[in-house]
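Q: I have a model open and want to read its pockets and its ligand site. Where do I begin?

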Amino acid sequence: MKTKDISMIAMMIAIIIVLGMIPPIPLGFIPVPIVLQNLGVMLAGIVLGAKKGGLAIALFLTLVAMGMPFLTGGSGGFSVFLGPTVGYLIGWFVSAILIGLGRSKFMETKNWGIKFLIVAIPGVLLVDLLGSIGLSIVTGMSLSASIVSNLVFIPGDTLKVILVIIIAERLLKIMNRTER
Ligand code: BTN
């Protein structure tokens, strides 16, 4: 791996950590807050591609598992992987890889709808679905109630996808220019 790749991975991890410093919005009816960190996860996938994006999220989650307080609100430690947000954390890893697989299509198309789907299907639908499954298993809530409660994340997560597309287009342009 090139030095440039390592610095890009480190930069994306740093962005995800900084986004975790933005306070969460707790929801009274489920033990899962609204956060901004998932924006960084989607961005890592589209900017770094499948391999490096997946690696960045795996490293980030390893640091969290080791006890670093890098999740939103300063949580960390292995116990978070036994808690109600475990499904989202697994989803973050899988979604970064899947979004990364769509990177070349994302770069070649000018169609906003396609760009949106490349990021939103794994980054929002899959993450919220895996999150709902984890939430249901850990809390004992029914899966259908868990899925319905997760609809609350859709408007905010959709907005994050739009921001990810805007930021990624700029970053990818800069990266292309410096590669030449
Ligand atoms: C954690 O800090 O333990 C993970 C929080 C996961 C929150 C999920 S990510 C997808 C959905 N959108 C949000 O804003 N919150 C949830």
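A: Begin with the smaller story. This is a predicted model. In the second largest pocket, helix 7 supplies the largest share of the lining, four residues.

Q: Which elements give two or more residues to the lining of the second largest pocket?
A: Two helices do: helix 4 (103-108) and helix 7.

Q: How do I read the lining residue by residue, and which residues line the second largest pocket?
A: List them, then sort them by class. Phe106, Met107, Glu108, Thr109 and Lys110 are among them. So are Lys115, Glu169, Leu172, Lys173 and Asn176. By class, this lining has five charged, three nonpolar and two polar residues.

Q: What is the volume of the second largest pocket?
A: The general idea comes first. Rolling a probe the size of a water molecule over the atoms shows where empty space is left. Here, the second largest pocket has a volume of about 250 Å³.

Q: How much space lies in the largest pocket?
A: About 370 Å³. It is lined by 24 residues. Val32, Pro33, Val35, Thr85 and Trp92 are the closest to its centre.

Q: Which elements give two or more residues to the lining of the largest pocket?
A: Helix 2 (37-65), helix 3, helix 5 and helix 7 do. Helix 3 gives the most, with three residues. By class, the lining of the largest pocket has 14 nonpolar, seven polar and three charged residues.

Q: What takes the space of the largest pocket?
A: The ligand does.

Q: How do I read the shell around the ligand, and which residues come nearest?
A: Take the residues around the ligand, then pick out those that come nearest. There are 15 around this ligand. Pro33, Val35, Thr85, Asp157 and Lys160 come nearest. The shell divides into 10 nonpolar, three charged and two polar residues.

Q: Which backbone atoms lie at short range from N or O atoms of the ligand?
A: Look at Pro33 and Val35. A backbone N or O atom of Pro33 lies 2.8 Å from a ligand nitrogen. For Val35, a backbone N or O atom lies 2.9 Å from a ligand oxygen.

Q: Which side chain has an N or O atom 3.1 Å from a nitrogen atom of the ligand?
A: That of Asp157.

Q: How much of the ligand's accessible area does the protein cover?
A: Compare the ligand on its own with the ligand in place. On its own, this ligand has 410 Å² of accessible area. The protein covers 97% of that.

Q: Which elements give two or more residues to the shell around the ligand?
A: Helix 3 (86-101), helix 5 (112-139) and helix 7 (154-179) do. Helix 3 gives the most to this shell, with three residues.

How values were computed
Residues are numbered from 1 along each chain as its sequence is written. This is a predicted model: local features need pLDDT of at least 70, side-chain atom pairs count only at pLDDT 80 or more; totals for chains, interfaces and linings use all residues. Side-chain values use heavy atoms; hydrogens and water are left out. A residue is near a molecule or strand if one of its heavy atoms lies within 4 Å of it. A polar contact is a pair of N or O atoms within 3.5 Å; within protein, one must be able to donate a hydrogen and the other to accept it, and residues adjacent in sequence count only if both atoms are side-chain atoms. Accessible areas come from the Shrake-Rupley method with a 1.4 Å probe; for residues, only the protein chains shown count as cover. On a 1 Å grid over the protein atoms alone, a cavity is a set of points where a 1.4 Å probe fits but cannot get out, and a pocket is an open set with protein on both sides within 12 Å along at least five of seven lines; lining residues have an atom within 4 Å of a point. A molecule sits in a cavity or pocket if more than half of its atoms lie within 2 Å of its grid points. Ala, Val, Leu, Ile, Met, Phe, Trp, Tyr, Cys and Pro count as nonpolar, Asp, Glu, Lys and Arg as charged, and the others, Gly among them, as polar. Grid points are joined across faces, edges and corners, and a volume is the space filled by probe spheres set on the points.
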